[in-house]
Amino acid sequence: MSKLDRTISIAPMMDWTDRHDRYFLRLITSRALLYTEMVTTGAILFGDADRHLRFDPAEQPVALQLGGSSPDDLAKCCEIAEPYGYREINLNVGCPSDRVQNGRFGACLMAEPKTVAACVSAMKAATSLPVTVKNRIGIDNLDSYAHLTEFTDTIAAAGCKTFIIHARKAWLTGLSPKENRTIPPLDYDRVYQLKQDFSELEIIINGGIQSTDEIDLHLDNVDGVMIGREAYQNPYFLAEIDKRYFGLEETAPERKEVVERILPYIDREMANGVPLKSISRHMLGLFQGRPGAKAWRRHISENAHLNGAAPSLLEAAAAKTR
């Protein structure tokens with residue numbers, strides 16, 4: 001299997017990057033690395049593992065993000081997940097939600113680098129896939145550059161060679177998860193410095209990136225760029241990615257062609273009991289910035305949840321755009 005190219009990736013986002021969203025995004029970019037939503041170890045070990053882990057082969061390359069703090073549980077989940085065909089397994093050390101903290105995983109683990117190292121070591125022993133870590137630049141008062149380097153050094157010693165770093169600290173008390181995505185200031189320079197000091201590691205930067213010009217600037221300083229909210233709210237932004245960063249000659253399909261191409265998938269999923277709204281909700285931003293974008297969104301929002309809603313509803317919505 002070829003080396004996984006992480007030059008451009010799409011962030012794992014709870015309630016957003018499910019398998020339907022990933023299939024949709026793959027129609028716009030064939031090469032950006034896609035991540036699942038965070039899946040907790042408990043959901044896999046004690047829930048419906050297949051529901052959480054299965055995906056369409058058309059989504060490849062796709063990586064799984066796990067949430068947990070038990071080395072044994074994470075190792076078991078790696079063993080269960082590898083046969084599904086993921087290209088990477090990522091450990092979440094960046095999510096600041098209360099639910100995550102109560103489960104002792106996510107960003108709170110930045111205070112426990114030895115625990116994270118033990119998790120990474122166990123995961124690597126259980127799978128042949130690359131094991132990576134996604135973390136913040138700090139949490140609460142543990143936000144010095146010295147702490148970030150100590151954390152990185154400890155985890156790297158356990159065998160992790162790729163770090164995806166959200167260039168904001170997280171406040172575990174006082175800010176909601178939504179506020180933690182915007183209020184703590186971005187500090188890209190700190191991530192750049194980490195790459196200089198750990199040149200042997202692959203460092204991917206994440207946080208607030210909204211344009212190809214910004215991506216270009218980051219790629220002068222780190223190994224890859226992970227795009228979050230912009231890829232969800234304005235997904236056609238990704239249409240430039242394959243040609244610009246992966247050297248592909250083919251141009252991305254036009255927006256209305258994306259709609260046409262996803263219809264067979266929607267037909268198939270609806271035949272298996274998936275409601276139209278579960279897929280169409282991810283497509284609301286497709287015409288962002290284009291004439292008729294508001295009419296597109298309104299037509300879907302007002303009709304996709306109704307009994308009898310069919311895939312042709314999306315064609316009708318697209319007809320309202322220019």
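These legends go with four close-ups of a predicted model.

**View 1. Helix α1 crossing helix α13.** Here we're looking at α1, residues 19-26, where it runs across α13, residues 255-271. Their axes come within 10 Å and cross at roughly 150 degrees. With anything over 145 degrees counted as roughly antiparallel, that's the label this pair gets, so α1 is roughly antiparallel to α13. The crossing of α1 past α13 is right-handed. On the α1 side, look for R19, H20, Y23 and F24; on the α13 side, V258, I262, Y265 and E269 make the contact. Sorted by class, the residues of this contact come out as five nonpolar, one polar and two charged.

**View 2. Helix α7 packed on helix α9.** This one pairs α7 (residues 145-157) with α9 (residues 188-197). What angle do the two helices make as they pack? It's about 45 degrees, and the axes sit 11 Å apart. The two helices are therefore oblique to each other. As for handedness, α7 passes α9 in a right-handed crossing. From α7 come Y145, L148, T149 and T152, and they meet R190, Q193, L194 and D197 of α9. The class tally for the contact of α7 with α9 is three nonpolar, three polar and two charged residues.

**View 3. The largest pocket.** About 690 Å³ of space lies in this pocket. Its lining takes in 30 residues, and the ones nearest the centre are P12, M13, M14, H166 and R181. Four elements each give two or more residues to the lining: helices α5 (98-102) and α11 (229-233), plus strands β5 (131-139) and β6 (162-170). Which element gives the most to this lining? That would be α11, with three residues. In terms of chemistry, the lining of the largest pocket splits into 11 nonpolar, 11 polar and eight charged residues.

**View 4. The second largest pocket.** The volume here is about 450 Å³. There are 17 lining residues, with D18, R19, E37, R51 and H52 closest to the centre of the pocket. R19 may look familiar: it's one of the α1 residues in the contact with α13. The elements giving two or more residues to the lining are α1, β2 (33-40) and α3 (49-53). Strand β2 has the largest share, at five residues. By class, you'll find five nonpolar, five polar and seven charged residues lining the second largest pocket.

Methods:
Residues are numbered from 1 along each chain as its sequence is written. This is a predicted model: local features need pLDDT of at least 70, side-chain atom pairs count only at pLDDT 80 or more; totals for chains, interfaces and linings use all residues. Side-chain values use heavy atoms; hydrogens and water are left out. Axes are lines fitted to C-alpha atoms, for helices over the stretch in contact, and angles run from 0 to 180 degrees between N-to-C directions. Angles under 35 degrees count as roughly parallel, over 145 as roughly antiparallel, 65 to 115 as roughly perpendicular and the rest as oblique. A crossing is left-handed if the near helix is turned anticlockwise from the far one by less than a right angle, and right-handed if clockwise. Contact means heavy atoms within 4.5 Å. Ala, Val, Leu, Ile, Met, Phe, Trp, Tyr, Cys and Pro count as nonpolar, Asp, Glu, Lys and Arg as charged, and the others, Gly among them, as polar. On a 1 Å grid over the protein atoms alone, a cavity is a set of points where a 1.4 Å probe fits but cannot get out, and a pocket is an open set with protein on both sides within 12 Å along at least five of seven lines; lining residues have an atom within 4 Å of a point. Grid points are joined across faces, edges and corners, and a volume is the space filled by probe spheres set on the points.
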